[in-house]
Structure formats: structure tokens, C-alpha cells
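Here are a few exercises in reading a fold from its coordinates. Try each task with the viewer open before you look at the solution.

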Amino acid sequence: MFSRLIGNENVKVTLRRLMAKGRMPNSMLLSGDEGVGKRQFAIEIAKSFVCTDPTNDEAGDICAACRRAEKFTFPKPDEKEDHERVVFSDHPDVGTVVPYNRNILIKAIRHLESEANYRPYEAEARIFIIDDADKMNDPSANALLKTLEEPTANTYIFLVTSRPDKLLPTIRSRCQSLRFSPVTAEKIEKFLINDRAYTHDEARLAARLARGSIGRAVTVNVEEFRKRRETMMGIVINAIQNGGFAALLKTAEEMNDVKDKSVFEENLNVLQSIIHDVWTFSVTGDYARMVNTDFADEISKLARNSGQANLPGWMSLIDEVRENLKININRKIAADALFVSMAYV
């Protein structure tokens with residue numbers, strides 16, 4: 001079961017031990033960076049409860065129950081009413097709650113509370129996964145507390161989050177916590193080559209860009225990244241070597257013309273990866289720590305000329321822009337402010 005999942009071997013050991021002893025907690029908090037496999041681990045645990053042909057207390061992943069347990073049909077983003085209920089997989093004992101826009105709706109939590117009181121339909125237990133649990137507001141979290149405090153013996157609730165600090169302390173205290181670590185670049189690279197048919201060069205670049213996230217790695221469009229990197233590299237060259245304030249503002253205008261907010265954010269990610277490489281090399285002189293290893297010569301040259309540049313400050317500024325975008329700040333204002341700061345900080 002867990003052997004199919006990449007990384008976090010210590011988590012696998014813990015979960016196997018709990019399952020072997022029949023001591024799986026009724027409430028668990030699975031936390032860690034985005035895309036490291038937290039939700040998939042929760043699904044695998046759920047399958048261990050519904051599997052009709054287990055092996056050593058783990059799901060065999062062959063029976064119909066296992067396959068049904070991992071198959072979900074999620075509501076469309078604009079279907080609010082469907083987000084007000086638990087979304088069940090094709091197995092009636094495995095359900096999940098997913099956010100509507102930026103919030104987990106209180107009606108969905110109340111529906112979970114109601115469903116948690118029913119006996120299992122087919123399996124030995126009912127399993128509920130709350131995805132992006134940090135998106136519960138206080139009323140939703142408080143509605144969940146009663147179920148966490150007084151769970152039925154055959155109900156298991158898994159809260160999945162990359163921001164556990166956003167959860168109410170009362171929620172965290174009622175869950176056993178499992179912390180997931182980033183997956184090593186080597187393991188991600190091997191996975192991309194063996195399972196996704198990436199070339200070695202593509203896999204190496206995608207694995208380094210993923211920053212420990214399998215989920216992020218499989219979404220990287222390497223060819224598109226390389227095109228964006230050409231533009232972003234020009235920004236860094238102008239900021240460090242040329243003092244090209246006008247060129248920076250021209251690039252900002254080009255970024256602002258992009259209608260898709262996610263493309264703008266991806267450009268920020270690419271820019272930050274280059275700045276991080278320049279800063280890391282300027283400090284360590286270690287090529288092995290670069291993400292953009294195929295641009296090693298250009299990056300090492302920039303590092304040698306970066307004495308007056310506040311590279312950590314630039315990365316912090318990009319983080320600030322990224323956070324401000326979450327509250328819908330005007331992209332033109334954000335980009336102009338960033339590049340003006342890079343020109344003078």
C-alpha cells in the first residue's frame with residue numbers, strides 16, 4: 001500500500017505500526033508542505049479499512065473496494081450547494097470535505113457530523129478526510145469540535161493541511177499529528193523518469209523546481225518554464241549588472257498584460273528560483289545546490305557581480321507580493337513596486 005507512495009518513510013513506519021496494533025487514532029492531523037502526499041496517505045489509510053483482501057494489515061490495492069475508495073467525483077468550483085455536503089467516493093464509507101472558494105462551509109462540517117454517527121455500510125469503519133483543513137473558519141472549526149471530542153469507535157477523521165498554525169488550538173489538541181517532510185529531489189527525479197516517462201534532463205529540472213513536492217513536480221511544464229526563465233533571467237541581469245530600471249518596468253508591463261493570475265504567479269516562482277540560485281552560489285560556491293543547473297555559467301557570473309544586491313531581500317519581496325495576491329492586490333502595483341525595489345534595494 002504505502003510502498004507506492006514516494007518519500008516520508010518515517011511516516012510509513014508510524015502508520016504501519018499503528019495499524020498492526022489496531023491503535024489508529026480516530027482523529028489525525030496530517031501536515032506538511034503542499035504536494036508532499038498527505039492526502040494520498042490519508043486515502044491509503046482509508047483503503048486499509050475497506051479492503052476485502054488485505055496483506056499484513058495493509059490494503060492489497062487489488063479488490064474492488066480499494067479502487068472504489070479512491071475514486072471521487074468532485075463538485076465544480078461554482079457549485080456551492082454540493083460543497084455543503086460530504087463528497088463520498090464510489091465507496092459509501094469513504095468521504096471528504098473540500099473547500100468552496102477559500103472556505104470550508106459550516107454546512108459541510110455539520111453534514112460530516114451527521115454522517116459520522118451512522119454505522120459503516122460495507123466496511124469496518126467510516127473514514128472522512130477534510131482537505132485544506134486550515135480553510136475552516138471559526139464557526140466551521142467549532143462545529144467539528146464535538147465530533148473530535150466524542151468520536152464513535154468506528155469513525156476516523158483525517159485533517160489535511162499545509163498550514164496547521166491556521167487551525168484552532170482546540171482542533172490541533174484533539175488530533176494526533178503526523179508531520180510530512182519534503183521529498184528529496186533524487187526520489188522525485190527517479191519517479192518522474194520511471195512513472196512519467198520524463199527524459200533525464202527534464203526530470204532533473206522538474207525535481208529541483210518542485211522543492212520537495214511530488215504534486216508540484218508533475219505539474220511543471222519544463223518547456224514553458226524554460227521560456228519564462230529567459231525573460232526572468234533578463235530581469236535579474238538588468239537588476240544586478242545593467243542597472244536597467246527602464247527595462248525592468250517594461251518587463252513588469254509585459255507581466256501585467258497576462259490575464260491569467262496563475263501565469264503571473266508562476267513567473268514570480270521562476271524569478272525567485274533564479275535569485276535563490278544566485279544568492280546560494282554567492283554564499284557557497286556550490287553548483288550542486290542550484291536549481292537551474294543548465295544556466296550554471298550565467299548564474300555564477302551574476303553571483304560574482306552581486307555584491308551590492310540584496311538578494312535575500314528580493315526573495316522576501318517576492319514572498320510579500322505572492323501573499324498580497326491572495327487578497328487580490330492589483331498586479332500592476334505589485335509588479336511595479338517589486339521591480340522598483342529590486343532596482344534600488
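**Exercise 1. Place Arg-229 in its surroundings: which helix holds it, and is it buried or exposed?**

Solution. Start with the secondary structure: Arg-229 sits in helix H11, residues 222-242. (Helices are DSSP runs of H or I with at least four residues, strands are runs of E with at least two, and both are numbered from the N terminus.) Before going on, a word on the model: it is predicted, so local features need pLDDT of at least 70 and side-chain atom pairs count only at pLDDT 80 or more, while totals for chains, interfaces and linings use all residues. Residues are numbered from 1 along each chain as its sequence is written, and side-chain values use heavy atoms, with hydrogens and water left out.

Next, accessibility. Arg-229 has a relative accessible area of 1%, so it is buried (buried is under 20%, exposed over 50%, partly exposed in between, with a 1.4 Å probe and protein chains only).

Then look at the company it keeps. Skipping neighbours within four places in sequence, Arg-229 has contacts with Leu-205, Val-270, Ile-274, Asn-292, Asp-294 and Phe-295 (contact means heavy atoms within 4.5 Å). For a sense of scale, Lys-76 is 153 residues away along the chain, and the two C-alpha atoms are 33 Å apart.

**Exercise 2. Work out how H5 and H6 pack, and what covers the buried residues of H6.**

Solution. First, the geometry: the axes of H5 and H6 come within 8 Å and cross at roughly 5° (axes are lines fitted to C-alpha atoms, for helices over the stretch in contact, and angles run from 0 to 180 degrees between N-to-C directions). H5 is therefore roughly parallel to H6 (under 35 degrees is roughly parallel, over 145 roughly antiparallel, 65 to 115 roughly perpendicular, and the rest oblique).

Second, the residues. H5 brings Ile-106, Ile-109, Arg-110, Leu-112 and Glu-113, and H6 answers with Pro-139, Ser-140, Ala-143, Leu-144, Lys-146 and Thr-147. Sorted by class, that's six nonpolar, two polar and three charged (Ala, Val, Leu, Ile, Met, Phe, Trp, Tyr, Cys and Pro are nonpolar, Asp, Glu, Lys and Arg charged, and the others, Gly among them, polar).

Third, burial: Ser-140, Ala-141, Ala-143, Leu-144, Leu-145, Thr-147 and Leu-148 of H6 are buried. Their cover includes strands E1 (27-32), E4 (126-130) and E5 (155-161), along with helices H5 (106-115) and H7 (169-173).

**Exercise 3. Find how H8 and H9 are oriented to each other, and which residues meet.**

Solution. Take the axes of H8 (residues 185-196) and H9 (residues 200-209): they come within 8 Å and cross at roughly 140°. The two helices are therefore oblique to each other. On the H8 side you'll find Ala-185, Ile-188, Glu-189, Leu-192 and Ile-193, which meet His-200, Ala-203, Arg-204, Ala-206 and Ala-207 in H9. The tally is seven nonpolar, one polar and two charged residues.

**Exercise 4. Zoom out: how many helices and strands are there, and what share of the residues is buried?**

Solution. Count the elements and you get 16 helices and six strands. Of the 345 residues in the protein chain, 48% are buried. The C-alpha atoms fill a box of roughly 70 × 40 × 30 Å along the principal axes. Finally, among contacts with a separation of 6 or more, 69% join residues 24 or more positions apart.
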